[in-house]
Amino acid sequence: MNNNTICAIATAPGGAIGIIRISGPEAISIADKVFRPIGSNLSLSQRKAYTLAFGNIINADNEVVDEVIVSIFRAPHSYTGEDSVEISCHGSSYILQQVMFLLTENGCLPAGPGEFTQRAFLNGKMDLSQAEAVADLISSTNKATHDMALSQLKGHFSNELSELRAHLLKLTSLLELEIDFSDHEDLEFADRSELYALANDIHQRLASLARSFEVGNALKNGIPVAIVGNTNVGKSTLLNHLLHEEKAIVSDVHGTTRDFIEDTTIINGIQFRFVDTAGIRKTDDIVENIGIERTFQKMQEAKIVLWLIDKQPTEAEIEGIKERVAGKKLIIVRNKIDLPNSSLNNSSSAKPTTLALTSVSTSRAQNSKLKIQDLQLVDISAKYGTNLSRLEQLIVEAADIPQISESDIVITSARHYSALLNADESLQRVIASMDLGLSGDLLAEDLRMVIDHLAEITGEERITPQETLQNIFTHFCIGK
């Protein structure tokens, strides 16, 4: 990392207050060049850390640019681990740009994207997974994503990996000792039963972390919900109600939606990604057929499918939907109950029909017959919003998302997920090698690979012979 001093505007435009951050070896001295204290003769360099200074920002002509408050942080006790200064001024874009200009004129370089957090990582203030959590925390859109990012930022995930790494390093060190004493064939420093039990325990922990990715990815990117059905059954009207905005064009003309329309909304603190698809029907229109194919594709990608109908479906339609929702959560939404001549309208149609099944399992979807009464139904009027709160409740229930707290470890990064899978694969080779009675040097090599894959997540250096030796002589007494 270079020794440049960097600066950047740290707040979004348009606010009453704007903050400019400076970090690097000359952060305090450069700020001193443009700052004049009021009510004190102490310069910023003469002040203690964690203090505030009130004064003016002065340009080269000794003109006041703004009246500001300056916060002082000294290395290593700052966000970046370097000397740092934060200038709080008025939020005018002109003032912020003028202050930035003065700082760069006096030796600062404009910071690159994420450079403050990058310096925090390089200076050991956080590991790589915590650095990634900073971006997730900033972009969090609901309580669940906020709690997941905050948990990772506080180091809960890192601590878990650190504990696993310590166990693995201990075993690797013992196996390395066996290699050093290979002339004693019967000598085993690493008890195989202990190693086997620990390897299985770590395998379970890695598998549990990897499984959490499905929930974490869904919460971070939104749970995909496909709205499907025939043409002109009210899919676009329903989408607009669920999103609380006029996102899709609504028309009585069949085939209005020829491509999918996608947007997100929050229901009960969970982000859902709704997709309005092209109406399913037989047509000779080439463009519309492309849209229908994309409808089927979105059904495959969705976790929840809302099948919108406005009349009793035929056996062929039931069979068709059955084939495409295997393994997914299906909610049948009977629309247009506000119409007196609706074929779905009856004395109880204003109330949602409560049936036992909320999803179609793979096994049930493979049955020769799938009766409409076997499925969860809800009657709505998309036009007037009737029973939409009940539909939203069913959608939340179908999502089946566990309650996430700040202390829970949930994987949200595809990079972390891949590294965990690779680590677990190497660990399963260790278990298989022990079942075959293979030598300690082969076990040690696979254990090192497990540690290396875990190190990819936190950004630690890969395990080195020096680290293994240090662990040996720290924890084990061999002679004198």
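Tutor: A cavity is a set of points where a 1.4 Å probe fits but cannot get out. Keep that in mind as we read this predicted model.

Student: How is such empty space found, and how many cavities of 30 Å³ or more does the whole structure hold?

Tutor: Rolling a probe the size of a water molecule over the atoms shows where empty space is left. Here, the search of the whole structure turns up 1 cavity of 30 Å³ or more. The largest cavity holds about 50 Å³ of space.

Student: Which residues line the largest cavity?

Tutor: Look for M148, S151, Q152 and F157, then for D408, I409 and V410. Helix α5, residues 143-153, gives the largest share of this lining, with 3 residues. By class, the lining has 4 nonpolar, 2 polar and 1 charged residues.

Student: Now the pockets. How much space lies in the second largest pocket?

Tutor: A pocket is an open set of points, unlike a cavity, where the probe cannot get out. The second largest pocket here has about 390 Å³ of space. It is lined by 16 residues, and R21, G114, F116, T117 and I138 are the closest to its centre. Three elements, β1 (6-9), α3 (115-122) and α4 (128-139), each give two or more residues to the lining. Sorted by class, that lining has 10 nonpolar, 4 polar and 2 charged residues.

Student: Let's turn to a helix. Is α8 mostly covered or mostly uncovered?

Tutor: A residue counts as buried when its relative accessible area is under 20%. In helix α8, residues 235-243, 8 of the 9 residues are buried, so the helix is mostly covered. The buried ones are K235, S236, T237, L238, L239, N240, L242 and L243.

Student: What do the buried residues of α8 pack against?

Tutor: They pack against four strands, β8 (223-229), β9 (261-267), β10 (270-276) and β11 (304-309), and against one helix, α12 (388-399).

Student: What is the phi of H244, the residue that follows α8?

Tutor: H244 has a positive phi, near 60 degrees.

Student: How confident is the predictor in this chain, and where does pLDDT stay under 50?

Tutor: pLDDT is the predictor's confidence in each residue, from 0 to 100. The chain has a mean pLDDT of 80, and 78% of its residues reach 70 or more. Over residues 249-258, pLDDT stays under 50, and the model has 24 contacts beyond four places in sequence for them. Residues 471-480 also stay under 50, with 13 such contacts.

Technical notes:
Residues are numbered from 1 along each chain as its sequence is written. This is a predicted model: local features need pLDDT of at least 70, side-chain atom pairs count only at pLDDT 80 or more; totals for chains, interfaces and linings use all residues. Side-chain values use heavy atoms; hydrogens and water are left out. On a 1 Å grid over the protein atoms alone, a cavity is a set of points where a 1.4 Å probe fits but cannot get out, and a pocket is an open set with protein on both sides within 12 Å along at least five of seven lines; lining residues have an atom within 4 Å of a point. Grid points are joined across faces, edges and corners, and a volume is the space filled by probe spheres set on the points. Ala, Val, Leu, Ile, Met, Phe, Trp, Tyr, Cys and Pro count as nonpolar, Asp, Glu, Lys and Arg as charged, and the others, Gly among them, as polar. Buried means under 20% relative accessible area, exposed over 50%, partly exposed in between (1.4 Å probe, protein chains only). Contact means heavy atoms within 4.5 Å.
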